[in-house]
Amino acid sequence: AVGQGTIAVEMRANDENAHLFVAELHDEATWCEVNAERALMRTLEGGCQIPIGALARCLNGKLVLDACIASLDGEDLFRASIEGSVDEAEDLGIRLAHRLLDMGGKKILEEIRSGL
């Protein structure tokens, strides 16, 4: 599922000590991967009840994003991938979402939403 396994820390905006401490935990690759996955999910308007999968990976200075949309019965499945700069993580997620919609994912999502 999109964003699974990611750890986030919430803290007060004005707590400088907490920010310094948490900065040590920040992983830029994970940040880019999660941004791409979440942009895809946001664009597809997905949630826990809709079979959308995504996996982003930073590899050799590039961001690779794989994603899919499936029908509830698993009969229809649309998969696609995109690759680009880590600096364009959010845009890659949005572009891949639109590609999946154009492949037939839009029909699947409409059918699922009409039955929920």
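Is Asp 15 buried or exposed? Asp 15 is buried, at a relative accessible area of 18%, and its salt bridge is one of the close-ups below, all of them taken from a predicted model.

**Figure 1. The whole chain, before we zoom in.** Start with the parts list: the protein chain has three helices and three strands. Read from the N terminus, the elements go α-α-β-β-β-α. Put a box around the C-alpha atoms along the principal axes and you get roughly 50 × 35 × 20 Å. Of the 116 residues in the chain, 36% are buried. As for how the chain meets itself, take the contacts between residues at least 6 apart in sequence: 49% of those join residues at least 24 apart.

**Figure 2. Asp 15 and Arg 12, a salt bridge with one buried partner.** Searching the whole structure turns up six salt bridges, and here is one of them: the side chains of Asp 15 and Arg 12 meet with an N to O distance of 2.6 Å. The two partners sit in contrasting surroundings. Asp 15 counts as buried because its relative accessible area, 18%, falls under the 20% cut-off. Arg 12, on the other hand, is exposed, with 55% relative accessible area.

**Figure 3. Glu 88, Asp 91 and Arg 95, a small charge network.** Side chains of opposite charge can pair when their charged atoms come close. In this view, Glu 88, Asp 91 and Arg 95 are tied together in a network of salt bridges. Arg 95 pairs with Asp 91, where the closest N and O atoms are 3.1 Å apart, and also with Glu 88, where that gap is 3.8 Å. Asp 91 and Arg 95 both belong to helix α3 and are four residues apart, about one turn of the helix. How accessible are the members of this trio? Glu 88 is partly exposed at 29%, Asp 91 is partly exposed at 36%, and Arg 95 is partly exposed at 38%.

**Figure 4. Glu 33, a buried acid with no salt bridge.** Now for a charged residue without such a partner. Glu 33 is part of helix α2, which covers residues 28-44. Glu 33 is buried, yet no salt bridge is found for it. Which side chain of opposite charge is nearest to Glu 33? That would be Arg 57, at 7.3 Å. A salt bridge needs the nitrogen and oxygen within 4 Å, so this pair doesn't qualify. Arg 57 does still touch Glu 33, as do Ala 56, Cys 58 and Leu 63, leaving aside residues up to four places away in sequence.

**Figure 5. Leu 100, fully tucked away in helix α3.** Leu 100 is in α3, the helix made of residues 89-115. Leu 100 counts as buried because its relative accessible area is 0%. Setting aside residues up to four places away in sequence, the neighbours it touches include Leu 40, Ala 67, Cys 68, Ile 69 and Phe 78. Arg 79, Ala 80, Gly 105 and Lys 106 are also among the residues in contact with Leu 100. For a sense of scale, the C-alpha atoms of Leu 100 and Gln 49 are separated by 18 Å, with the two residues 51 apart along the chain.

**Figure 6. The largest pocket and what lines it.** Rolling a probe the size of a water molecule over the atoms shows where empty space is left. The largest pocket holds about 380 Å³ of space. Its lining is made of 14 residues, and those nearest the centre are Ile 7, Ala 8, Val 9, His 26 and Trp 31. Which element gives the largest share of the lining? It's α2, with five residues. Sorted by class, the lining has eight nonpolar, four polar and two charged residues.

**Figure 7. Glu 45 and Asn 60, two loop residues with positive phi.** Most residues other than glycine have a negative phi, and most peptide bonds are trans. Glu 45 has a positive phi, near 55°, and sits in the loop between α2 and β1. Asn 60 has a positive phi as well, near 50°, and belongs to the loop between β1 and β2. Glu 45 is exposed, with 60% relative accessible area, and Asn 60 likewise counts as exposed, at 83%.

Methods
Residues are numbered from 1 along each chain as its sequence is written. This is a predicted model: local features need pLDDT of at least 70, side-chain atom pairs count only at pLDDT 80 or more; totals for chains, interfaces and linings use all residues. Side-chain values use heavy atoms; hydrogens and water are left out. Buried means under 20% relative accessible area, exposed over 50%, partly exposed in between (1.4 Å probe, protein chains only). Lys and Arg count as positive and Asp and Glu as negative; His and the chain ends are not counted. Contact means heavy atoms within 4.5 Å. On a 1 Å grid over the protein atoms alone, a cavity is a set of points where a 1.4 Å probe fits but cannot get out, and a pocket is an open set with protein on both sides within 12 Å along at least five of seven lines; lining residues have an atom within 4 Å of a point. Grid points are joined across faces, edges and corners, and a volume is the space filled by probe spheres set on the points. Ala, Val, Leu, Ile, Met, Phe, Trp, Tyr, Cys and Pro count as nonpolar, Asp, Glu, Lys and Arg as charged, and the others, Gly among them, as polar.
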